[in-house]
Structure formats: C-alpha cells, structure tokens
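Thanks for sharing this one. Here are my notes, arranged as numbered points so that you can follow along in the viewer.

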Amino acid sequence: MCKFFTLFLSLLVSVVAVAQHTYYDEITYRDQLDSLRELNNFSVQAKGDPLELAVNIALSHYPELQGHKFKIKYKKNVKHPVTASWAFGNLFKRRKNHTYVLLLSENVFLKRLPLNGQIGVFGHEMAHFKYYSEKPSIHMLWWGIKYVTSKKFHREFERDADKTTIEHGLGRQLLDVVFYMKRSEVKKYMDELGTY
C-alpha cells in the first residue's frame with residue numbers, strides 16, 4: 001500500500017507541475033527537501049550535496065523510476081560534465097534492483113546554474129535512466145557499443161531524452177539548459193503536448 005501511495009503522490013506532483021507550468025525557486029523548494037526525499041523513498045544517496053534538491057525534484061517527475069537507487073559521484077577526468085551512468089554491476093542484478101549513477105565533473109558547472117537549470121539537466125539524465133530501466137542488461141551492452149560508435153545513434157538517443165524530459169513536465173526547465181534540441185524545437189514540442 002505504501003508503494004502505491006508513493007507512486008500516486010509522485011504522479012500527482014508531476015501532473016500538477018505540468019498543469020501549472022511549474023518554475024521552481026530555491027527559496028520555496030529548499031524547505032521541501034525532506035518531503036521530496038520521502039516522496040522518492042530516500043533513493044537519492046547524496047545527503048548534503050548542493051545538487052540533491054534538483055535531483056530529487058527531477059526524480060519526482062519520473063514515478064516509473066521509484067524503487068531504484070541513485071548516487072551522485074564526482075570525478076576529475078570525465079568526458080562530459082554530467083553523465084547518466086549505467087553501472088556494469090547491474091548486469092548481475094534484477095532490473096528493479098539497479099542502481100544508477102550521476103557521474104559529475106568535479107568542477108561541474110551545474111552548481112552555478114539556477115535551480116531550474118539544474119532540474120532541466122537532471123530531468124534529461126532521468127530520461128536516460130528511464131530508458132535503462134526498461135531494457136534488459138544484455139541490451140545495454142549492445143546499446144553501449146552503438147552509443148560510442150555511431151554519431152547518428154548518439155544524437156537521436158539524446159534528442160529522445162530531451163523529448164522524454166518534456167513529456168515528464170520539465171520542458172520549461174529544459175529551456176534553461178537546451179541540450180540536443182534547439183529552443184524553438186523544445187517550445188514546439190511543448191506546444192504539441194499542450195504544456196507550454
């Protein structure tokens with residue numbers, strides 16, 4: 001019953017955010033961090049990290065990711081400032097027990113972005129985790145090969161993540177940090193969905 005209630009509450013937050021075209025402000029939502037942690041079943045393992053609030057808000061828009069664990073890790077030498085990492089150890093776990101890692105550059109620019117920009121970034125990364133959570137582990141090996149060897153596949157995969165972010169009510173946040181779609185494309189897609 002508790003899982004159902006949590007899923008329902010998370011879905012309600014997403015629907016309300018879409019309906020209201022929510023623009024998150026630090027002052028209002030900083031006080032709600034404990035509630036967001038509870039809503040997300042304390043699945044974001046980053047207590048005290050300055051980006052924890054943005055990760056929890058983004059995650060609250062993805063009720064289908066409930067039950068997974070999320071870690072924030074920092075590394076010096078990473079190719080991208082933010083990466084939604086699918087851990088190799090997940091090969092030996094059931095999909096429902098997968099842990100996902102947000103791998104961040106130590107000098108990450110995200111900490112200097114306003115809260116909405118941070119949420120847009122993490123919303124995009126949650127879209128990747130959604131994809132990972134729906135695929136069997138063996139598929140992820142094949143996916144990894146295609147992702148690093150095909151620029152076309154890589155670009156389409158990233159554009160699809162932007163679309164998924166918009167579909168989950170974070171289009172306005174994505175506009176603050178447009179990734180693979182142009183701002184005009186994001187606005188057009190939001191118009192098509194009736195969320196702009």
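1. A reminder before anything else: this is a predicted model. The protein chain holds nine helices and four strands. Read from the N terminus, its elements follow the order α-α-α-β-α-β-β-β-α-α-α-α-α.

2. Two overall figures may help you get your bearings. Of the 196 residues in the protein chain, 46% count as buried. Among contacts with a separation of 6 or more, 68% come from residues 24 or more positions apart.

3. Now for the sheet. Its four strands form an open sheet in the order β1-β2-β4-β3, and the pairing is mixed. The edges are β1 (44-45) and β3, each of which pairs on one side only. On the β1 side, β1 and β2 run parallel and are joined by two bridges, with Val44 opposite Phe70 in β2.

4. Helix α5 packs on this sheet, where it touches β2, β3 and β4. The direction of α5 makes about 15° with that of β3.

5. Strand β4 (residues 99-105) deserves a look of its own. How many of its residues are buried? The count is seven of seven, so the strand is mostly covered by the under 20% relative accessible area cut-off. Thr99, Val101, Leu103 and Ser105 point one way from β4, while Tyr100, Leu102 and Leu104 point the other way, and all are buried.

6. The two neighbours of β4 pair with it in opposite senses: β2 (residues 69-75) is parallel to β4, through seven bridges, whereas β3 (residues 82-86) is antiparallel to β4, through five bridges. If you want residues to click on, Ile72 has Leu102 as its bridge partner in β4, and Thr83 has Leu103.

7. Next, the packing of α4 (residues 52-60) against α5 (residues 115-134). The two axes come within 8 Å and cross at roughly 55°, and the helices are therefore oblique to each other. The crossing of α4 past α5 is right-handed. On the α4 side the contact uses Leu53, Ala54, Val55, Ile57, Ala58 and Leu59, and on the α5 side Leu115, Gln118, Ile119, Phe122, Gly123 and Met126. By class, that contact has ten nonpolar residues, two polar ones and no charged ones.

8. Helices α6 (residues 137-149) and α7 (residues 151-167) pack with their axes 5 Å apart, at an angle of about 110°. That angle makes α6 roughly perpendicular to α7. Trp143, Lys146, Tyr147 and Thr149 of α6 meet Lys151, Phe153, His154, Phe157 and Glu158 of α7. The residues of this contact divide into four nonpolar, two polar and three charged.

9. One last residue to inspect is Asn116, which sits in helix α5. Is Asn116 buried or exposed? Its relative accessible area is 3%, and because buried means under 20%, Asn116 is buried. Leaving aside residues up to four places away in sequence, Asn116 touches Tyr23, Tyr24, Gln173 and Asp176.

10. If you have time for just a short session with the model, I would suggest two stops. Start with β4, which is joined to β2 by seven bridges and to β3 by five bridges. Then turn to α5, which packs on the sheet and also crosses α4 at roughly 55°.

Methods
Residues are numbered from 1 along each chain as its sequence is written. This is a predicted model: local features need pLDDT of at least 70, side-chain atom pairs count only at pLDDT 80 or more; totals for chains, interfaces and linings use all residues. Side-chain values use heavy atoms; hydrogens and water are left out. Buried means under 20% relative accessible area, exposed over 50%, partly exposed in between (1.4 Å probe, protein chains only). Two strands pair if DSSP finds at least two bridges between them. Axes are lines fitted to C-alpha atoms, for helices over the stretch in contact, and angles run from 0 to 180 degrees between N-to-C directions. Angles under 35 degrees count as roughly parallel, over 145 as roughly antiparallel, 65 to 115 as roughly perpendicular and the rest as oblique. A crossing is left-handed if the near helix is turned anticlockwise from the far one by less than a right angle, and right-handed if clockwise. Contact means heavy atoms within 4.5 Å. Ala, Val, Leu, Ile, Met, Phe, Trp, Tyr, Cys and Pro count as nonpolar, Asp, Glu, Lys and Arg as charged, and the others, Gly among them, as polar.
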